[in-house]
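Me: I would like a close look at one sheet in this model, and then at how the rest compares in outline. Please keep to the geometry.
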Amino acid sequence: MGNQVSLYDNMLKSLEQAASLLGLEEQEYITLRYPERELKVSVPVTMDNGAIQVFEGYRVQHSSVRGPCKGGIRYHQDVCLDEVRTLAAWMSFKCAVVGIPYGGGKGGVTVDPTQLSKTELERLTRRFTAMIAPIIGPLKDIPAPDMNTNGQTMAWIVDTYSQLTGQSAPGVVTGKPIELGGSLGRAEATGRGVMITTRELLARMGKTIKGTRFAVQGMGNVGGTAAKLIHEAGGIVVAISDASGGMKNDNGLDITAICHYLSTHPGKLLDTYTEGTFTRMPGGEVLEADVDVLVPAAMENQIRADNAHKICATYIVEGANGPTSPEADEILAKAGKYVAPDILANAGGVAVSYFEWVQNLQNFYWTVEEVNTRLEAIMVSAFTDVWEKATSKNTTLRLGAYMSAIARIVSAQKIKGMFP
């Protein structure tokens with residue numbers, strides 16, 4: 001990963017704090033400290049030039065107490081076991097926070113996908129699928145898109161798994177193309193969930209999105225969708241960034257035009273966008289923008305002890321997984337800032353993934369209006385529960401979310417009992 005601090009240790013710290021606030025004995029939640037299953041595989045791929053290259057891949061299942069494991073697959077050169085293990089645990093908590101009957105899983109391949117051709121990516125995906133096939137399945141573990149994977153990746157997984165099992169299995173993954181059983185509204189779901197969480201947080205403060213100033217780090221599917229929906233709701237997005245750098249306009253950026261450019265020019269980043277009025281800036285500076293709300297929707301550990309004091313925003317809504325370190329959390333809390341945590345704020349994606357899975361199992365499909373209405377209800381209910389738990393214990397929204405999740409998982413474990 002390149003980060004010296006173990007992400008899993010960060011997760012464990014939050015787990016321990018929330019369990020303490022709930023008054024739990026260690027024996028009641030000890031199993032949540034350990035993933036149920038970790039699979040590491042070697043993925044040999046015949047490259048376009050005929051050479052064989054071997055990549056490392058992972059699939060981690062953290063908890064299946066509340067249902068089949070669920071979680072994305074990412075392709076990135078920094079993917080490692082610690083990262084995947086942590087993301088799997090966060091998925092367990094994320095699913096529990098929004099009350100859907102899943103446990104947490106995650107997968108990844110250590111690869112720079114920009115260095116592979118489409119045919120090489122297909123061969124990589126199909127071989128990786130074959131290597132993890134024994135532990136995935138519609139009723140066991142359901143992957144989904146994540147960093148640098150998409151609907152096409154999921155299509156290759158569905159086809160490979162179906163060929164291996166000899167039966168059509170659209171429910172083995174979510175985030176599929178509509179033509180293969182994907183759900184309407186899925187692509188926008190995570191960003192929509194971020195917008196709903198932002199709206200609910202501001203409402204508790206007597207504010208609205210309209211007229212509020214925003215900065216968004218990361219203009220991919222999550223950040224880009226959130227920025228677009230916030231802009232459409234009247235929010236003023238004054239600063240954005242992606243891997244190529246950032247841009248700002250104190251009067252507000254033309255988010256509609258920027259999102260249209262990014263969506264119609266695959267592979268293009270903000271550094272190639274030239275329309276409208278704006279000032280370019282280093283990507284990292286977006287975190288320090290003079291705004292009301294900051295949406296970090298890029299990578300992990302972006303807000304740390306060394307830069308947390310530079311955050312101007314009063315409200316931070318985490319679109320990314322793990323963008324804030326525990327040390328930074330403490331600094332932000334002492335400064336009177338509110339952080340809507342990742343396991344709540346970006347749970348819209350897994351909620352609609354659940355809807356997609358249900359539609360696949362029933363072979364009965366919903367309209368986008370039905371999907372968005374159900375998502376709205378789930379996110380509002382989850383936010384309300386987290387807010388009430390945090391308020392009742394006079395603690396942060398992150399610990400409120402962990403309390404909500406852990407209470408549900410521990411309750412399910414007590415009812416099921418321990419095998420054997």
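In what order do the 5 strands of the open sheet stand, and what kind of pairing joins them?

Reply: The order is 1-2-4-3-5, in an open sheet with mixed pairing. This is a predicted model, in which local features need pLDDT of at least 70 and side-chain atom pairs count only at pLDDT 80 or more, while totals for chains, interfaces and linings use all residues. Residues are numbered from 1 along each chain as its sequence is written, and side-chain values use heavy atoms, with hydrogens and water left out.

Strands here are DSSP runs of E with at least two residues, helices are runs of H or I with at least four, and both are numbered from the N terminus. Two strands pair if DSSP finds at least two bridges between them. At the edges of the sheet stand strand 1 (37–46) and strand 5 (141–145); each has a single partner strand, so one side of each lacks a neighbour in the sheet. On average, neighbouring strands are turned by 25° against each other, direction ignored. Such angles run from 0 to 180 degrees between N-to-C directions, with axes fitted as lines to C-alpha atoms, for helices over the stretch in contact.

Strand 5 is joined in the parallel sense to strand 3 (residues 69–76), over 5 bridges. Within this pair, K70 has I142 of strand 5 as its bridge partner. Helix 4 (residues 118–132) lies across strand 1, strand 2 (52–63), strand 3 and strand 4 (103–110), and runs at about 145° to strand 1. Contact here means heavy atoms within 4.5 Å.

For comparison, there is an open sheet of 7 strands with mixed pairing, in the order 9-8-7-6-10-11-12. Its edge strands, each pairing on one side only, are strand 9 (279–281) and strand 12 (338–340). In this sheet the average turn between neighbouring strands is 20°, direction ignored. Helix 6 (residues 186–204) packs on the sheet and touches strand 6 (213–217), strand 10 (293–296), strand 11 (315–317) and strand 12. The direction of helix 6 makes about 155° with that of strand 11.

At the edge formed by strand 9, strand 8 (residues 245–248) is attached through 3 bridges, and the two run antiparallel. K248 stands opposite T279 there. Further in, strand 6 and strand 7 are parallel, with 5 bridges between them, and V216 faces I240 of strand 7 as its opposite residue. Strand 7 (residues 236–242) is largely enclosed by the rest of the structure, because 6 of its 7 residues are buried. Buried means under 20% relative accessible area, exposed over 50%, and partly exposed in between, for a 1.4 Å probe and protein chains only.

One residue of helix 7 (residues 221–232) can be followed outward: A226. Its relative accessibility is 1%, so A226 counts as buried. Apart from neighbours within four places in sequence, A226 is in contact with G191 and V194. L180 is 46 residues from A226 along the chain, and the C-alpha atoms of the two are separated by 26 Å.
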